[in-house]
Amino acid sequence: MSERSGGRAKVYSLAPEFAFADALAEGLLDRAGGSPEALGEMLVLLPNRRAGRSLREAFLRRSEGKPLLLPRILALGDQDEEELLLSDPLGLPDEAGSELPEAIDDHQRLFRLSRLVEAWRKGVEGAEARQSAAQNLRLARELAHLLDQVETEGLSFERLEKLAPEDFSEHWGKTVAFLKIVSHYWPKEESELQVASAAKRRRLLLEWQAAAWERNPPAFPVIAAGSTGSIPASARLLRVVASLPRGEVILPGFEREMGAEVWEAVLEDPSHPQYGMAQLLRQMGLEPKAVEAWPTVGKPAKDETRRQALAEALRPAPLTDRWGEKQRRFPEQTLREAFGKVTKIDCPTSREEALVIALALREVLEESGKTAALVTTDRLLAQRVAAELRRWKIEIDDSAGEPLAETAVGGYLRLTAKLLSEGPTALNLLAALKHPKARGGEEEGDFRRQLRDFERFVLRGPAPLATLSALHRLLEEAIKEPRNKGRGLEKLRPWLAEATKLLEPALKVFGSTRDFSELLEAHLRLAEDLAATKTTKGAELLWRDEDGEAAAKLLRQVMESAALLGKIPGRDYAEVFEGLLAGQAVRKPYAQHPRLFIWGAMEARLQRADRMILGGLNEGTWPRESDPGPWMSRPMRQAFGLPSPERAIGLAAHDFAQALGAEEVFLTRADRVEGAPSVPSRWLLRLETFLKAVDAPEDLLTGKAERWLSWAEELDRAADLPPLSAPEPRPPLEARPQSASVTDIERWQRDPYAFYAKKVLRLSRLDELDAPPSAAERGTAIHEALEAFGEEFPEAVTPAAEARLFAIFEELKAKMDLRPAEGALWGPRLDRIARWVIAQEKLRRAGLARVYAERSGRMEVPGADGFELYGKADRIEEREGGDFAVLDYKTGKPPSKKDLEAGRAPQLVLEAAMLKAGAFEEVPAGEARELTYWRLSGGREAGEEQSLAVTPEFVEESLAKLARLVLRYRDPAMPYRARPRPELSLRFNDYAHLARIKEWAGDEEEEWSP
């Protein structure tokens, strides 16, 4: 490398219209003059490792794949450096190696800080006051972040107490007291352990390297490229590099043509994209004109109009009144040429934005060798774009990777942790056991089949107790259920026994307060055991693939420090575990597309694709909100010495300006995000306002937007289909039901399709998991209790009968206690119902000869071609005069008197017809003169009786109406229409979603009744 002339500047700027890595590689090759030794002698300092990879790839492109001796490339900004600058050849002082403390593991620091947080709270609020372990960890993580900020800036906590004078709020005084954890107690722990945080170690590395080079300048060339000096220690090193005899600093996108007025304004505006570099140059004692352009050898000069226009648009706010003066410099044709390949697209929602971006990325692949990258700070948008690209079977290279918590292994570990912390509720148990990683020590198909049966016949319904013994009792109850006869549920006993054998040891550990390490060990043991099959150990299946390897690596690190967290309740474990997974990512090393990328803003600073898509350009996303943090206000941060939150906005603005320098750029945003209106990024507003001020064409940025939006809209547009109509299934005659229950007839009349779904398709709705107590469950239980009472006491109600009724209801409450939600809600209501029933029984039994409880019956409907009607009467009362009353129990609202008289609620009148025909077991035939409902709510009014007097003629006409209904449906052409009369539709219809009512209900419907 040739020596520079004495007056030549040592600071350069590489304009954003050039690809930074390629231009840097090209310049360094030129400096080497074709000498491999000269290139290999150089030391290149870059901001991060990703930039180092980009530079290596750029050298490879320049050498056209030929072997090349590369310069040494080191990263300044990565906290996981491998002694990057601490090696004797770089001239580090000998004493540094012995003085530099080891870096403390992040988890060890987090757990130690959490212990300090807990100790502080106990000391201040007493031993009984306790946050959860997860809350302590969250506070510890915020304290760690504050520590990193302070260490990075090279500040001391000694100034902290000076920020809380007496006239400050009491809250700030408490905050300062709490921050003694990091100002007093944590430094003592660091000193005892002889360790330092990664941020502190990085700062010391940079400071010692700067001191070493000041004392003993290296003889080899040192080039610091791409860094803006935002970290004080990095800025000092850059100043030292610029002063070295063979040192050079290359700034990314520094605006060299700033006038004195703009320069002074930039130095006072932390949100300006040039602020960080301007401060660096001021510390070097340099003016903008002292910065030279990095030579781009062999390339034609790039058009600078776009960069100049953007610099004007983003100039400090006090100087924006000068925009109009620049109009002559930006004529329309010049602007069209400069922004001809810049497209701004405002999408209606985030979904459309993701689809537009995916289309723009996909189009690039039509041109051989062309590359494209999405640059965004919005991780949700990045995930949506990746998902949209999979419709074309494209896996994009996402530099941020996939969150570990959202991978298959991460999800499985989170679900098993929740199962152990909260207990085996139905939802927790099924969520963990139905995960694809869970195999329960059996062949996967066998395990899944038995789990499905256990779910369907045992778990569904009101929430059971979250204990294994409760699950065993529920299984035995399900086996005894008459409706489950012949289902073979006995085979679930050994399956549940094996599942219990797996779960019980871990649940026992989690039932009390234990060391976190013990809980973690029990959790991972269960996760492995549950993932095993008959032939393969769980560890072999669980920790393979990228996500398994990443999880195993993380958990090994956590396990090494787990004992430091101390004892925590098992119920807190899942939340703690979730927090440990947060922020961890899994990156796939292969199977990614070689020409499509997703980059963060920092990664895009020194990389360039042929098409750059800047996505998520909304305020709060890019840039993010300038939050001073939970510990100090803005004035306090300034007084303490921490940078203002606006400095992060300035860095983000610089990244935006760098990316906008690419040849082809898309700027995208969504008008609404998660349903809420959004505000465009301040840089978009600035650019649009500036272009308007210089009379740029209105469609300069948006001229091509409509094309992309229309493509996105057309991509998922459904083909034009005829309007939907109500379903009208016409099953063959042999498939149509030959019998129905008295409760089915009302469904048939009001919604024939629902009747068809139940009786022809034989579909029934599954109960919900952990459901609130349902009316059907309550009604069945109360029917059973009153049936038992009626069978034992068919005649008079004696004091013994009263006692027995209360005993029956106590047994019912004990059974409900298996499902706590049901028992808690209905225990008091059952007491009120029992008292109301006793009082009502005394009134009604005075004129009765006998009560028949829960009698089943079946009869052939006259004139209905052999159709059978069947049902069970809740209660039939034989009166002393020889006639009868038919009574039904309702825990919900009974039919209205109007519906009864109109025949729209035919259950009881059809039971009266069956009674007249002698169809009920052990009940003599007779005329029913009264139809009665007991509404048993257990509320403020525990019960209510509603009666309707009926005549034999009314009963006969109802039966004839049923016969006509049956005969209509004997015609194979007669359809089972959905909701033929909407005004008479069912109040509760389990089959409405099958009929897709919401899709056609707007159409006119034919009113029809049998």
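Which strand does strand 1 (residues 11–14) pair with, and in what sense? The partner is strand 8, the sense is parallel, and the pairing spans two bridges. Keep in mind while browsing that this is a predicted model. Below is a quick tour, going from the whole chain to a couple of sheet regions and then to two single residues.

**The whole chain**

- On the secondary structure side, you're looking at 40 helices and 25 strands in the protein chain.
- The radius of gyration is 39 Å, whereas a compact globule of 1010 residues would come in near 30 Å.
- Lined up along the principal axes, the C-alpha atoms take up a box of roughly 130 × 70 × 65 Å.
- Of the 1010 residues, 52% are buried.
- If you take contacts between residues at least 6 apart in sequence, 77% of them link residues at least 24 apart.
- The accessible surface adds up to about 46,600 Å², and carbon and sulfur atoms account for 49% of that.
- For the electrostatics-minded: there are 146 positive and 167 negative charges, and their mean positions sit 0 Å apart.

**The six-stranded sheet**

- Strands 1 and 8 belong to an open sheet of six strands with parallel pairing, and the order reads 3-2-6-7-1-8.
- Strand 3 (72–75) and strand 8 (292–293) are the edge strands; each has a single partner, so one side of each goes without a neighbour in the sheet.
- Want a residue pair to click on where strand 1 meets strand 8? Try Y12, which stands opposite E292 of strand 8.

**Strand 18 and its partners**

- Strand 18 covers residues 664–673, and seven of its 10 residues are buried, so the rest of the structure largely encloses it.
- Strand 9 (residues 342–349) runs parallel to strand 18, with seven bridges between them.
- One bridge to look up there is D346, whose partner in strand 18 is R669.
- Strand 17 (residues 611–614) also pairs with strand 18 in the parallel sense, this time over four bridges.
- Here M612 is the residue standing opposite V665 of strand 18.
- Strand 19 (residues 676–677) runs antiparallel to strand 18, and two bridges join them.
- In that antiparallel pairing, R672 faces P677 of strand 19.
- Strands 18 and 19 form a hairpin with two residues between the strands, and E674 takes a positive phi there, near 55 degrees.

**Y275: buried or exposed?**

- Y275 is buried, as its relative accessible area is 17%, and the cut-off for buried is under 20%.
- Y275 sits in helix 12, which runs over residues 275–284.
- Setting aside neighbours within four places in sequence, Y275 touches V266, L267, D269, P270 and R647.
- A265 is 10 residues from Y275 in sequence, and the C-alpha to C-alpha distance between the two is 9.3 Å.

**E784: how much of it shows?**

- E784 counts as partly exposed, with a relative accessible area of 39%.
- You'll find E784 in helix 33, which takes in residues 775–792.
- L812 lies 28 residues from E784 in sequence, and their C-alpha atoms are 8.9 Å apart.

Terms used:
Residues numbered from 1 in each chain as written. Predicted model: local features only at pLDDT ≥ 70, side-chain atom pairs only at ≥ 80, totals over all residues. Heavy atoms only, no water. Rg over C-alpha atoms; globule rule 2.2 N^0.38 Å. Buried < 20%, exposed > 50% of the residue type's maximum accessible area, 1.4 Å probe, protein only. Contact = heavy atoms within 4.5 Å. Areas by Shrake-Rupley, 256 points an atom, 1.4 Å probe, with all protein chains shown as cover. Lys, Arg positive; Asp, Glu negative; His and termini not counted. Charge placed at Lys NZ, Arg CZ, Asp CG, Glu CD. Pairing = 2+ DSSP bridges.
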